[in-house]
2 protein chains.
Amino acid sequence: MKIALDAMGGDFAPDCTVKGAELASRELPDDIKIVLVGKEDIIQSKLKEYNITSPSIEIFNADDVIDMGEHPTKALSQKPTASIPVGYGLLKSGAVKAFCSAGNTGAMHVGAMFTIKAIEGIIRPGIAGFIPKESGDFGVIIDVGANADCKPDVLYQFGEMGALYAKHVFNIENPKVGLMNLGEEEQKGTLLTQAAYQLFKISNKFNFVGNIEGRDLFNDKADVVVCDGFTGNVILKMAESFFDLLQKRNIIDPYFDRFNYEAIGGSPILGINGNVVIGHGVSSAEAIKNMILLSVKMAESNIHLKIKQHLGE
Amino acid sequence: MKIALDAMGGDFAPDCTVKGAELASRELPDDIKIVLVGKEDIIQSKLKEYNITSPSIEIFNADDVIDMGEHPTKALSQKPTASIPVGYGLLKSGAVKAFCSAGNTGAMHVGAMFTIKAIEGIIRPGIAGFIPKESGDFGVIIDVGANADCKPDVLYQFGEMGALYAKHVFNIENPKVGLMNLGEEEQKGTLLTQAAYQLFKISNKFNFVGNIEGRDLFNDKADVVVCDGFTGNVILKMAESFFDLLQKRNIIDPYFDRFNYEAIGGSPILGINGNVVIGHGVSSAEAIKNMILLSVKMAESNIHLKIKQHLGE
């Protein structure tokens with residue numbers, strides 16, 4: 001099985017990407033190959049610089065690079081030979097089973113919609129983040145930024161996809177799905193959450209446990225937290241800032257270490273015809289390693305096919 | 001000057017309220033009186049039990065109590081002699097300069113709208129929470145739950161009121177007002193935040209500094225964070241849960257101690273014809289003390305008149 005990594009994506013690429021690929025190759029079986037997508041000469045020189053000779057690492061040339069600040073749609077149409085579109089080409093052709101990048105998030109998202117496309121029946125794909133639970137597990141939060149404004153049926157599909165992701169990738173049996181809200185009672189919240197509640201409560205597609213509040217994110221009330229991408233993005237960035245505040249104060253605690261984005265390394269786009277993981281722009285080699293490992297887990301579980309199959313049921 | 005406290009409001013009332021009043025009386029000048037509103041016989045026996053004889057503490061009898069779980073509108077119409085409506089009566093008549101309660105939040109909010117009412121021109125009053133800043137100050141966040149769904153002009157007024165509150169109660173000169181969003185760029189966000197941005201950026205009523213993200217809540221980018229009540233409620237409860245997680249792990253740090261709701265003690269309703277502060281249901285005596293001190297600061301600055309005046313400008 002091959003996994004493609006955008007070697008040029010991320011604030012510290014290509015150093016962090018080649019090093020991250022090497023770290024991942026040590027933890028993966030020999031039959032899993034990591035394909036570094038990017039400028040071959042630069043990648044070769046970096047591999048040499050860091051003495052990386054792993055037979056699990058391959059290179060696939062891409063002449064161009066989409067920078068972090070570029071406009072996604074414009075960049076994708078003007079730079080067809082950049083590492084992001086080339087990576088998606090490999091994924092679409094079946095040459096690789098997953099594609100991951102810590103590069104331009106917008107370009108990764110738009111690129112997915114243009115190439116492998118949304119699964120038929122999925123109104124809006126969503127990005128799934130993770131939540132470190134007090135119990136020691138990780139929970140899932142969807143959406144964390146792909147869709148700022150959502151309709152109730154979009155939230156419902158996030159519930160379906162989030163539950164499948166939690167089950168097949170995080171191995172949580174019958175995951176509890178909670179709706180992010182400002183109170184526990186059914187009638188609480190915005191027009192959106194009130195309407196979504198009515199859809200969720202009659203669902204036989206996932207295990208809905210009711211509304212959850214901001215204080216419940218880290219406890220065991222829900223394994224999967226459903227919210228619009230605006231709310232999810234605020235939550236994700238606020239959790240990150242907590243971690244940074246603790247670091248600045250030299251507070252070391254094994255639980256809070258799991259707030260570190262590096263622990264998971266990336267957020268998958270769910271609801272598209274392929275396994276795609278988006279990493280943090282500031283990704284370190286450790287984060288890249290974990291993003292690759294997550295991509296492998298997604299490819300092994302074939303989560304995108306599980307979602308497709310589920311829609312047909 | 002007199003400040004009314006709902007002696008019956010809060011999970012631990014009346015014990016926490018009489019004790020909190022006594023703690024506040026020690027820090028306040030003699031000419032500020034605290035009026036305990038509630039069942040006189042119960043309050044008297046509690047004052048006796050705790051040996052409280054402060055001449056700064058008075059009692060105003062209210063025969064009934066609105067419980068924490070009661071439906072606000074129904075309870076207010078069925079229990080006109082409960083401590084919340086009686087407290088509002090004192091505020092409306094001018095007998096007291098502020099009214100605060102850790103009781104039924106909905107009844108406090110609806111009670112304000114029924115008695116002292118919204119300031120003419122204010123579309124929706126908002127509840128202002130606080131944010132502990134890394135710099136050592138406190139920032140303001142509005143709204144934290146009164147209005148789940150907001151229109152752009154409602155957010156604009158939150159910006160105006162939040163800036164006045166930060167200036168006159170927290171003594172922040174020319175406070176920086178930020179719009180909560182999922183990215184820094186003008187075109188980012190929901191339809192709501194995009195439209196609000198256009199109103200904010202042409203404002204000459206407050207110092208708009210642009211969009212801020214979840215990671216900026218605790219830094220110095222903005223003194224006043226404007227958001228809809230849904231987002232603000234999630235942020236507030238998430239920050240609380242973060243404090244609880246630290247407590248559980250016995251992590252003591254002076255900065256994070258300021259995440260404790262007790263540090264400020266309550267959240268004012270801004271945009272109404274009077275000074276009203278709502279406390280946390282679980283308020284301790286320390287929290288009640290700080291809620292009273294905040295109420296005094298609001299009364300001294302006459303923040304509700306400042307807001308009224310500002311609208312006429």
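Which side chains meet in a salt bridge with a 3.7 Å gap, N to O? Keep that in mind as you go through these close-ups of a predicted model.

**View 1. The salt bridge between A:Asp253 and B:Arg249.** Here's the pair we asked about: the side chain of A:Asp253 meets the side chain of B:Arg249, at 3.7 Å from N to O. Zoom out a little and you'll find that the rule picks up six salt bridges across the interface of chain A and chain B. Eight residue pairs are also in polar contact across this interface, both partners having pLDDT of 80 or more.

**View 2. Where chain A touches chain B, seen by element.** Three helices of chain A, α7 (191–201), α8 (229–248) and α9 (254–257), each give two or more residues to the side that touches chain B. Which element gives the most to this side? That's α8(A), with 15 residues. Sort the residues on this side of chain A by type and you get 18 nonpolar, 10 polar and nine charged.

**View 3. The area buried between chain A and chain B.** The contact brings together 37 residues from chain A and 38 residues from chain B. About 3400 Å² is buried between the two chains, and carbon and sulfur atoms give 71% of that area. Look for A:Leu182, A:Phe230 and A:Met238: this trio supplies 19% of the area that chain A buries against chain B, more than any other three residues.

**View 4. Two domains inside chain A.** Now stay within a single chain. The domain assignment splits chain A into domain 1 (1–119 + 271–300) and domain 2 (123–266). Measuring from centre to centre over C-alpha atoms, 26 Å separate the two domains. Where they meet, 19 residues of domain 1 are in contact with 13 residues of domain 2. Together, these domains of chain A bury about 1300 Å² between them, 66% of it on carbon and sulfur atoms. A:His109, A:His280 and A:Leu294 supply 32% of the area that domain 1 buries against domain 2, more than any other three residues.

**View 5. The domain 1 side of the meeting point in chain A.** How many salt bridges does the rule find across the interface of domain 1 and domain 2 of chain A? Zero, as it turns out, but there are five residue pairs in polar contact, both at pLDDT 80 or more. On the domain 1 side, α5 (105–114), β11 (275–278) and α10 (285–301) of chain A each give two or more residues. The largest share, seven residues, comes from α10(A). By type, this side of domain 1 divides into 10 nonpolar, seven polar and two charged residues.

Note on methods
Residues numbered from 1 in each chain as written. Chains lettered and ligands numbered in written order. Predicted model: local features only at pLDDT ≥ 70, side-chain atom pairs only at ≥ 80, totals over all residues. Heavy atoms only, no water. Domains from an automatic or database assignment. Contact = heavy atoms within 4.5 Å. Buried area = accessible area lost by both parts, 1.4 Å probe. Salt bridge = Lys/Arg side-chain N within 4 Å of Asp/Glu carboxyl O. Polar contact = N/O pair within 3.5 Å; in protein donor to acceptor, adjacent residues only side chain to side chain. Helix = DSSP H or I, 4+ residues; strand = E, 2+ residues; numbered from the N terminus. Nonpolar A, V, L, I, M, F, W, Y, C, P; charged D, E, K, R; others polar.
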